[in-house]
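Before setting up any calculation on this protein, it helps to go over its pockets and its nonpolar cores. The briefing below takes these topics in turn.

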Amino acid sequence: MSSSGTATQHLPRTEARSLSGHEGAVLAVRFNRDGNYCLSCGKDRTLCLWNPHTGAHVKTYKSHAREVRDVHSSSDNAKLVSCGADRQIFYWDVASGRVIRKFRGHNSEVNSVKFNEYNAVVVSAGYDRTVRAFDCRSQSSDPIQTIDTFQDSVMSVNLTKTEIIAGSVDGTVRTFDIRMGRETVDNLGHPVNCISLSNDNNCLLANCLDSTVRLLDKSSGELLQEYKGHACKSFKMDCCLTNDDAFVVGGSEDGYVFFWELVDAPVVARFRAHSSVVTSISYHPTKACMLTSSVDGSIRVWT
């Protein structure tokens, strides 16, 4: 976890290529589980599957009626799940491009969606102040569980083997222990627009709308560190950790990407990645490679 020059030299800051295909803002880009492919979605109501290492556009998925906010691939790469402003959650077959099921239940726009580790359950977070879980194996389109303890829009959801963790505009990160049926609330005092887990699952990053990324101990909720310098006041933007958990990565509304050293929180690198808001950042699971997307309509691959 050194902030020495040798460590920062390995941070991906060189543009390898741009992935062109979306019309309008790209709202999310995500590596798949093994990092060989990536998925993107945006204002143009489509999802795109890419090989980011060659730049090849593999497939486009169309069914959403309005902008697509988030996408996630199953760990076996056979299925996709997506959500958006049409209140729908679509469960797709990757190879055929067919929609297997449309999950319903949210009565407003859906912001975030994830598969659980076994690809059997999809969990979503929405503007209707709820988190909902759906069973992929059932023929039913209705949720098997609804969590409605939030006071405002739920912007981001993450899963561990036993927990659902969600961040909300009400300023809280809420953790639901599925086995125990217990809820833990960490109040950060500022709207949360993105949460992500460290690779060892011990820590939680929360991107807040006071232009601060906060690092929490997942088990105790203790605030461990704060990262500043970027602009995050009105847009949903990703934050994440590098695959060795040594650096925090975050986007900025002015098009910059920031790297902070995890422990002491100095900015160790920043560079202009896009001409407008950086909506999404995805870090490769094993390599020094990163994807970014933007309101400017571009997706860039950094090595």
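**Pockets and cores**

The largest pocket has a volume of about 1200 Å³, where a pocket is an open set of points on a 1 Å grid over the protein atoms alone at which a 1.4 Å probe fits, with protein on both sides within 12 Å along at least five of seven lines, and lining residues have an atom within 4 Å of a point. A volume is the space filled by probe spheres set on the points, which are joined across faces, edges and corners. This is a predicted model, in which local features need pLDDT of at least 70 and side-chain atom pairs count only at pLDDT 80 or more, while totals for chains, interfaces and linings use all residues. Residues are numbered from 1 along each chain as its sequence is written, and side-chain values use heavy atoms, with hydrogens and water left out.

**Largest pocket**
- Its lining comprises 39 residues, of which H72, K114, N158, L197 and N199 lie nearest the centre.
- The strand β18 (strands are DSSP runs of E, at least two residues, numbered from the N terminus) gives the most to this lining, with four residues.

**Second largest pocket**
- About 370 Å³ of space lies in the second largest pocket, and of the 20 residues that line it, L27, E67, R69, F235 and K236 are the closest to its centre.
- The strand β2 gives the most to the lining of this second largest pocket, with three residues.

**Nonpolar cores**
- In the largest nonpolar core (buried Ala, Val, Leu, Ile, Met, Phe, Trp, Tyr and Cys residues joined through side-chain atoms within 4.5 Å, buried being under 20% relative accessible area with a 1.4 Å probe, protein chains only), which has 15 residues, V249, V257, F259, F271, I281, Y283 and M290 touch the most other members.
- The largest share of this core, three residues, comes from β26.

Technical notes. Buried < 20%, exposed > 50% of the residue type's maximum accessible area, 1.4 Å probe, protein only.
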